[in-house]
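Dear colleague,

Please find below the structure that I am handing over to you. My notes on what was found in it follow directly after.

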Amino acid sequence: MKLTTITHVTVDGVMQGLGGPEEDRGDGFERGGWALPLFENEAETWLGQVFQRADAFLFGRRTYEIFADSWGTGSWGTDQGDNPISVALNKRPKYVASTKLADPQWADTTVLAGDVAAAIGELKAKPGGELQVHGSGDLVRWLVRNNLVDEITLVTYPLIVGQGTRLFPANGPDTALELVDSRAIPNGVTIQIYRPGGRPRYATA
């Protein structure tokens with residue numbers, strides 16, 4: 001399986017609290033829910049197709065708990081009809097990289113608590129199409145640092161939030177990206193799919 005990351009970000013790179021005002025208040029973040037007003041039919045259809053493409057999902061703990069509450073064991077429950085996101089998440093294996101999650105209640109969940117890099121390598125070696133990572137900023141940054149990502153999808157929303165956790169830190173590894181595909185939705189949301197290509201080339205004197 002190839003490991004793909006799918007991340008919703010603002011133009012200034014913020015990924016925190018996209019779904020609702022109470023989704024993630026960490027570090028005093030007060031501008032949550034920025035994605036939903038721009039998440040219209042074409043974007044929803046595209047995202048449903050992305051989830052249906054997955055053979056398995058990999059999450060960080062916090063994103064896993066948010067997804068479980070929305071799509072699995074939490075307040076929404078698992079009965080969401082034929083919603084393609086719900087169907088994919090509830091029928092396919094889910095893996096969580098965490099040392100704190102001891103007893104996950106969402107069916108078909110496996111916690112990766114030991115040598116995470118080795119465990120992910122074993123998952124990638126299995127036959128299949130995609131091992132998808134949604135959200136999970138800390139995990140995505142770790143995966144990039146450890147050269148475990150095969151494809152990066154950025155869904156960029158036309159707004160500047162001005163605060164919150166950004167996908168990539170101010171100081172981190174440098175990575176060249178090859179643009180594989182891109183599309184624009186009429187409301188200004190853009191989708192870019194990249195393939196990591198080693199270190200960038202820099203100009204010399």
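One aromatic cluster is formed by Phe51, Phe57, Phe59, Tyr64, Phe67 and Trp106. Please bear in mind throughout that this is a predicted model. The count of aromatic pairs comes to 6. In one of them, Phe59 and Phe67, the ring centres are 5.1 Å apart and the planes stand at 50°, so the pair is tilted, since that angle is neither under 30 degrees nor over 60. Phe59 and Phe67 are each buried. The rings of Tyr64 and Trp106 have centres 5.7 Å apart and planes at 40°, so this pair is tilted as well. Tyr64 belongs to helix H2, whereas Trp106 sits in the loop between E3 and strand E4 (109–112); the pair thus links distant parts of the chain, 42 residues apart. Both of these residues, Tyr64 and Trp106, are buried.

The nonpolar cores come next. The largest nonpolar core has 30 residues, and Phe51 and Leu89 are those with the most contacts inside it. Two or more residues of this core come from each of H1, strand E2 (56–60), H2, H3 and strand E6 (151–157). H1 gives the most, with 5 residues. Phe51, a member of the aromatic cluster, deserves a separate word. Leaving aside its neighbours within four places in sequence, Phe51 is in contact with Phe57, Phe67, Pro84, Ile85, Ala88, Leu89, Arg92, Gln132 and His134. Apart from the largest core lies another core, of 25 residues, which includes Met1, Val9, Leu112 and Leu123. As background, nonpolar side chains tend to be buried together in soluble globular proteins.

I turn now to the pockets. Which residues lie nearest the centre of the largest pocket? They are Glu23, Thr63, Ile66, Phe67 and Gly135, out of a lining of 48 residues. Strand E1 (2–10), helix H1 (41–53), helix H2 (61–71), helix H3 (84–91) and helix H5 (137–145) are the elements that give two or more residues to this lining. The largest share, 8 residues, comes from H2. The volume of the largest pocket is about 1400 Å³. By residue type, its lining divides into 20 nonpolar, 19 polar and 9 charged. Phe67 therefore appears in several parts of this account: it is in the aromatic cluster, it pairs with Phe59 in a tilted arrangement, it is in contact with Phe51, and it is among the residues nearest the centre of the largest pocket.

The second largest pocket has a volume of about 190 Å³. Its lining consists of Arg141, Val144, Arg145, Ile152, Phe168, Pro169, Asn171, Gly172, Pro173, Asp174, Thr175 and Leu177. Of these residues, 6 are nonpolar, 3 are polar and 3 are charged. H5 provides the largest share of this lining, with 3 residues.

Helix H5 merits a paragraph of its own. Its buried residues are Gly137, Leu139, Val140, Arg141, Leu143 and Val144. These buried residues pack against E1, E2, strand E3 (94–97), helix H4 (116–125) and strand E5 (130–134). Two of them, Arg141 and Val144, also appear in the lining of the second largest pocket.

Finally, two residues have a backbone angle that should be brought to your attention. What follows H5? The helix is followed by Asn147, whose phi is positive, near 55°, although Asn147 is a residue other than glycine. Asn147 is found in the loop between H5 and E6. With a relative accessibility of 69%, Asn147 counts as exposed, because the value is over 50%. The C-alpha atoms of Asn147 and Arg25 are separated by 30 Å, the two residues being 122 residues apart along the chain. Asp108 likewise has a positive phi, of about 65°, although it is not a glycine. Its place is in the loop between E3 and E4, the loop that also holds Trp106. Asp108 has a relative accessibility of 44% and so counts as partly exposed.

With kind regards

Methods. Residues numbered from 1 in each chain as written. Predicted model: local features only at pLDDT ≥ 70, side-chain atom pairs only at ≥ 80, totals over all residues. Heavy atoms only, no water. 1 Å grid on protein atoms, 1.4 Å probe; cavity = no way out; pocket = protein on both sides within 12 Å on 5 of 7 lines; lining within 4 Å. Points joined across faces, edges and corners; volume = space filled by probe spheres on them. Helix = DSSP H or I, 4+ residues; strand = E, 2+ residues; numbered from the N terminus. Nonpolar A, V, L, I, M, F, W, Y, C, P; charged D, E, K, R; others polar. Core = buried A, V, L, I, M, F, W, Y, C linked by side-chain atoms within 4.5 Å. Buried < 20%, exposed > 50% of the residue type's maximum accessible area, 1.4 Å probe, protein only. Contact = heavy atoms within 4.5 Å. Phe/Tyr/Trp six-rings, centres within 6.5 Å; stacked < 30°, edge-to-face > 60°.
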